[in-house]
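User: Take a close look at the nonpolar core for me, please. I'd also like to hear how the rest of the chain fits around that part.

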Amino acid sequence: MNIRPSAAIRQNYNEIADLCRQTKEPVFLTKNGEGDLVVMDLETYEQREKMLKLREELVSVEEERLLGNTGYSVDQVSKMMDEVIEEVVKNGRNE
């Protein structure tokens, strides 16, 4: 865990930014000896946000399953994906 005083961000911004990028870990900034802020590089932040969103979706699906709600079969998902792909190709989009 990387912990620095809040003054370090003003005095050593580049050093802290490099540390975040190299370690892919957040840097915790303190103010008067107490935790105050967390700083991380953008790539790591975006990756964490995607992972959190995926976990939320998985939890939601699992909750639905436990409540007895049925999902889609593999064949149904495959058919839906084929339809989306056909639509994208038809419209000339590469999304």
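Analyst: Radius of gyration here is taken over C-alpha atoms, and the globule rule is 2.2 Å times the number of residues to the power 0.38. This is a predicted model, where local features need pLDDT of at least 70, side-chain atom pairs need 80 or more, and totals for chains, interfaces and linings use all residues. Numbering starts from 1 along each chain as its sequence is written, and side-chain values use heavy atoms, with hydrogens and water left out.

Let's start with the overall shape. A compact globule of 95 residues would come in near 12 Å, but this chain has a radius of gyration of 22 Å. Along its principal axes, the C-alpha trace spans about 55 × 40 × 15 Å. Just 14% of the 95 residues are buried (under 20% relative accessible area with a 1.4 Å probe, protein chains only; exposed is over 50%, partly exposed in between). Of the contacts (heavy atoms within 4.5 Å) with a separation of 6 or more, 27% are between residues 24 or more positions apart.

The chain has four helices and three strands (DSSP runs numbered from the N terminus: H or I of at least four residues, E of at least two). Reading from the N terminus, the order is β-α-α-β-β-α-α.

Now for your core. The largest nonpolar core is made of six residues: Ala8, Ile16, Leu19, Cys20, Val27 and Leu29 (buried Ala, Val, Leu, Ile, Met, Phe, Trp, Tyr or Cys joined through side-chain atoms within 4.5 Å). Both α2 and β2 supply at least two residues of this core, and α2 gives the most, with three. One core member to zoom in on is Cys20: leaving aside residues up to four places away in sequence, Cys20 touches Glu25, Val27, Val39, Met40 and Asp41. Val27 from that set is a fellow core member.

Next, the link between those two elements. Lys24 sits in the loop between α2 (13-23) and β2 (27-31). The phi of Lys24 is near 60°, a positive value in a residue other than glycine. With a relative accessible area of 35%, Lys24 counts as partly exposed.

At the other end of β2, Asn32 lies in the loop between β2 and β3 (34-39). Asn32 also has a positive phi without being glycine, this one near 55°. Asn32 is exposed, because its relative accessible area is 76%.
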